[in-house]
Amino acid sequence: MVNSRDEKITRAIATVVMSFLAICALLPFILLIIASFTDNGVAVREGYSFFPSQFSLSAYQYLAQQWSMLGKGYLMTIVVTVLGTTIGLTITSMLAYALTVPGLPGRKVMSFMIILSMLFHGGIVASYYVYSNLIHIKDTIWALVMPGMLMSAFNIILMRNFFSSSISSELMESARIDGAGEIKIFAKIVIPLSVPILATVGLMQAVGYWNEWTNGMYYLTKRNGSQYYTIQLILNQLNEDIQFLSSNAAQMGLVVDTSNLPTTTMRMAVAVVAILPLLIAYPFFQKYFVKGITLGAVKG
């Protein structure tokens, strides 16, 4: 009875603590959404508030006027995210499985190189030179796909540990005795049993691709690469254009009604538009995400 009571108290405390942390995590998103619907003048005078004195749709109306461009950006973002996540997840899972194959020549060397890549990085200059002058991805769709596709050491280790600790080695050994090759074992046994870790790593890669804009800034030019702009690049460009008009219209002698431009709330609307698809998709992957992280973190 004592143990049962202590367990109930522990669960109650854990529930309170986790509920508090969950609220702390949700409040910024709620404030972000409310601020995007706040009148720009009120936001400038009073700041952001959970209970603004005046609401407005001006920020979203401005985005709706740019929807022909935003729609293309969303389509490009979906293409880049699906393409990069699919290829990256395939490469990552194949390498992680190879590191679990007993007796594989060079396995220790590959593991060392992967760990080394977590400690040292070539830097932006070296990466830019390789991608631009050697691989020639500048002003192509691969400028948005390839830099993130070439694997993450953390994801490889996470997936390798999952394969080692959660998939029975006796099952794979039995398949080898029956004559199955490593490719067949990987496709018919490992992949079907690895849905949690695949969903976990895939979700992290997809979020990275969806939110990525620095690669576009590095490798896409407005003259030749603007057709590959993703939603993040387009929204960032819109934000910069509004800031430019607001600060320089008078100096340039332009007749622009900058008072109606939602410069402050525009930033909030930009963030809402950018993160909304991720917020919708995340609940469908949450159960796999928790299980994959838990099992993948166990050393195999």
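These are my notebook entries on a predicted model of a protein chain.

**Entry 1: the overall fold**

I began by asking how many helices and strands the protein chain has. I counted 14 helices and zero strands. Reading along the sequence, I therefore wrote down nothing but α in the pattern: α-α-α-α-α-α-α-α-α-α-α-α-α-α. Next I looked up burial, and found that buried residues make up 36% of the 300 residues. I also checked contacts between residues at least 6 apart in sequence, and 73% of these join residues at least 24 apart. Last, I noted the surface: the chain exposes about 17800 Å², and carbon and sulfur atoms supply 68% of that area.

**Entry 2: helix H10**

Which residues of helix H10 are buried? H10 runs over residues 182–190, and I found Ile-185, Phe-186, Ile-189 and Val-190 buried there. I then looked down the axis of H10: these buried residues fall within an arc of 110°, so they line one face of the helix. A general rule helped me here: an α-helix has 3.6 residues a turn, so residues three or four places apart point the same way.

I turned to the face of H10 that points away from the buried side, and there I noted the exposed residues Ile-183, Lys-184 and Lys-188. I also wanted to know what covers the buried residues of H10. The cover includes helix H4 (67–98), helix H8 (153–166) and helix H9 (169–177).

**Entry 3: Asn-215**

My next stop was Asn-215, which I located in helix H12, residues 214–219. Is Asn-215 buried or exposed? Its relative accessible area is 10%, and buried means under 20%, so Asn-215 counts as buried. I listed its contacts too, leaving out residues up to four places away in sequence: Asn-215 touches Ala-143, Leu-144, Pro-147 and Leu-220.

**Entry 4: a nonpolar patch on the surface**

I finished on the outside of the chain, with a nonpolar surface patch of about 960 Å². I wrote down the residues that make it: Val-109, Phe-112, Met-113, Ile-115, Leu-116, Met-118, Leu-119, Phe-120 and Phe-154. Which helix gives the largest share of the patch? I found that helix H5 (residues 107–119) does, with seven residues.

I picked Leu-119 for a closer look, as one of the patch residues that is found in helix H5. Why does Leu-119 count as exposed? Its relative accessibility is 62%, and exposed means over 50%, so Leu-119 passes the cut-off.

Technical notes. Residues are numbered from 1 along each chain as its sequence is written. This is a predicted model: local features need pLDDT of at least 70, side-chain atom pairs count only at pLDDT 80 or more; totals for chains, interfaces and linings use all residues. Side-chain values use heavy atoms; hydrogens and water are left out. Buried means under 20% relative accessible area, exposed over 50%, partly exposed in between (1.4 Å probe, protein chains only). Helices (H or I, at least four residues) and strands (E, at least two) are DSSP runs, numbered from the N terminus. The arc is that of the directions from the helix axis to the C-beta atoms. Contact means heavy atoms within 4.5 Å. Accessible areas come from the Shrake-Rupley method with a 1.4 Å probe; for residues, only the protein chains shown count as cover. Patches are made of residues with over 30% relative accessible area and no salt bridge: like charges are joined within 9 Å, nonpolar side chains (Val, Leu, Ile, Met, Phe, Trp, Tyr) within 5 Å. A salt bridge is a side-chain nitrogen of Lys or Arg within 4 Å of a carboxyl oxygen of Asp or Glu.
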